[in-house]
Amino acid sequence: MQLKTEERPRPPATPDQPPTMLARLRVNGADNFVELDTRTTLLDALREHLHLTGTKKGCDHGQCAACTVLVNGRRINACLSLAVMHEGDEIVTIEGLGSPEALHPLQAAFVACDGFQCGYCTAGQICSAVGMLAEAKADWPSHATADVSAPTIALTDAEIRERMSGNICRCAAYPNIVAAIREVAEGGRA
Amino acid sequence: MRPFTYERATDAGAAVASAFRPGARFISGGTNLLDLMKLEIERPLHLVDISRLPLRAIEELPDGGLRIGAQAANSDTAADTRVRTRYPVLSQALLSGASGQLRNKASIGGNLMQRTRCPYFYDTHSACNKRDPGVGCAAIGGMNRIHAILGASEHCIATNPSDMAVALVALSARVELLGPGGSSRSVAIGDFHRLPGDTPHVETNLSPGEMITGVVLPAPPPGWQVYRKVRDRASYEFALVSVAAIVSVERGTIASARVAFGGVAHRPWRSPEAEAALLGRPATMVTYRAAADAALGDAVGRGHNNFKIELAKRTLCRTLAHAAEAHAAREG
């Protein structure tokens, strides 16, 4: 069934009801159809409507990146996106990266390297690292790169720190987060 | 957030037509607009999503320049080989801003439209002529450490936070616009953003309903390009002061120079004063210091940002020295 959500804005049921739309959200490989207030962020849609609570709300203003998810393979802050804008996108959350029985290599590395204390930022760190490693593999430069015109990038610790600088950890697990990411980047847990 | 209706545009002309009504706003990445909507500083009634318009391409132009579509992501633009090799100052500026997540979502057009991060603009309990014309400016006489030292007025001392725009100003870019009724025009980047004057709530010279469709770069100017950003943190923070410089040196003399500052004014600050003080002079610190004094001659501190005047001068000197040495080294 082809549902063109952009053709189906729903007028308010009563004058003081906010506008809603039917949204198709494809998350971790599965389609979900949800009627949403147009103001619903992707973050709130994932947590409150799809009950995928692995993704966390830290600041709700794009400053902490605890809400990082992957959209079409690229890392974004889910709090600064509207759910209704993601028709046709492939969204991957931390739940889609691995499971307790089959950990993603980064999840295993975070455990082995002691890359968290309270764990609140961790899902966002891991999703961000997945996106970041793809960017580095595509030889994207960063602010830490001395010569942005160089065709290939070496992923040094300084590069990892700069590329992960959007993700805050109040427990300051940063050294071990970098170690976990470095381990996976070097193929230690392929 | 106030309630709004939402539509996704598939055609640029239809998008412009649909947004030409009171209370309508374009949305693309949403990384600034949604932030402001959550705080109810922006209260659109209708959103026109332009993020999927076919305006993402980066294409070479016959004159050796480059057109960057308005819907190209900040991250893709910074990583584009042609931008990295021919306009490295633009790549460096983009990469110095925001975070990886935000650069992936933010569009080039949206970057040009982003609004100030002045804390009084953000605090809806504070007086702000930008949010509410005529009520006053709490930053004047307030905590104005991050505020403007050039081009400000007694109505507003906010700064433009974009790094990308500073590089575009140094590169003499043009902004392509599509208006209601299908009219197109282009505006020099230096004429795109406004100074506050007595209308700080009007931040650009867009005509009603106009949408940015692209940014056009002329063929790369001669010389070494560099963007230097000075801030309290090492990453993920706005500039206190930044400099985009493009310098060429021939036999120890400055043959060409472009200078633009960020973090100092309501718009990126191209400095013809600095450029005039550099052209034809020896590539030495004495010259750079004279250019810095010329560039900041009209600078005014507001109490907590007085340090920016000397900081801007020193940043300019350091950046010019780096660019001149790098250019001389490359040219052998």
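**Entry 1: a lysine to begin with**

I started with Lys313(B), which is buried at a relative accessible area of 15%. For my own reference, buried means under 20% relative accessible area, exposed means over 50%, and partly exposed is in between, with a 1.4 Å probe and protein chains only. I noted that this is a predicted model, where local features need pLDDT of at least 70 and side-chain atom pairs count only at pLDDT 80 or more, while totals for chains, interfaces and linings use all residues. Residues are numbered from 1 along each chain as its sequence is written, chains are lettered from A and ligands numbered from 1 in the order in which they are written, and side-chain values use heavy atoms, with hydrogens and water left out.

Which residue does Lys313(B) meet in a salt bridge? I found Asp293(B), at 3.2 Å from N to O. The pair links distant parts of the chain, with Lys313(B) in helix 12 (residues 307-331) of chain B and Asp293(B) in helix 11 (residues 285-295), 20 residues apart. Asp293(B) is partly exposed, at 38%.

Two terms needed pinning down. A salt bridge is a side-chain nitrogen of Lys or Arg within 4 Å of a carboxyl oxygen of Asp or Glu. Helices (H or I, at least four residues) and strands (E, at least two) are DSSP runs, numbered from the N terminus.

**Entry 2: other charged pairs**

Side chains of opposite charge can pair when their charged atoms come close. I looked up how many salt bridges a search of the whole structure finds, and the total over all chains is 34.

In chain A, I looked at Lys57(A) and Asp44(A), whose closest N and O atoms are 2.9 Å apart in their salt bridge. This pair, too, links distant parts of the chain: Lys57(A) is in the loop between helix 1 (42-49) and strand 4 (68-71), Asp44(A) is in helix 1, and 13 residues separate them. Lys57(A) is partly exposed at 31% relative accessibility, and Asp44(A) is partly exposed at 21%.

Next I looked at Glu159(A) and Arg163(A), whose side chains form a salt bridge of 2.9 Å, N to O. They are separated by about one helical turn, because they sit 4 residues apart in helix 5 (residues 157-163) of chain A. Are these two buried or exposed? Glu159(A) is buried at 5%, and Arg163(A) is buried at 2%.

I also jotted down a network of salt bridges that links Arg24(A), Arg26(A), Asp31(A), Glu87(A) and Glu90(A).

**Entry 3: chain A as a whole**

I counted up chain A and got 6 helices and 6 strands. Along the sequence they run β-β-β-α-β-β-β-α-α-α-α-α. The C-alpha trace spans about 55 × 40 × 30 Å along its principal axes. Of the 190 residues of chain A, 50% count as buried.

**Entry 4: empty space**

Rolling a probe the size of a water molecule over the atoms shows where empty space is left. On a 1 Å grid over the protein atoms alone, a cavity is a set of points where a 1.4 Å probe fits but cannot get out, a pocket is an open set with protein on both sides within 12 Å along at least five of seven lines, and lining residues have an atom within 4 Å of a point. Points are joined across faces, edges and corners, and a volume is the space filled by probe spheres set on them.

I found 3 cavities of 30 Å³ or more in the whole structure. The largest has a volume of about 100 Å³. It has 13 lining residues, with Glu135(A), Trp140(A), Pro141(A), Leu95(B) and Arg103(B) nearest its centre. Helix 3 (74-79) and helix 6 (100-105) of chain B each supply at least two lining residues.

The second largest pocket holds about 540 Å³. It is lined by 25 residues, and the closest to its centre are Ala146(A), Pro88(B), Gln92(B), Trp224(B) and Gln225(B). Which element gives the most to this lining? It is strand 9 of chain B, with 6 residues.

**Entry 5: two backbone angles**

I looked up two residues other than glycine with positive phi: Ala98(B), near 60°, and Tyr236(B), near 55°. Ala98(B) lies in the loop between helix 5 and helix 6 of chain B and is partly exposed at 31%. Tyr236(B) is in the loop between strand 9 and strand 10 (241-250) of chain B and is buried at 15%.
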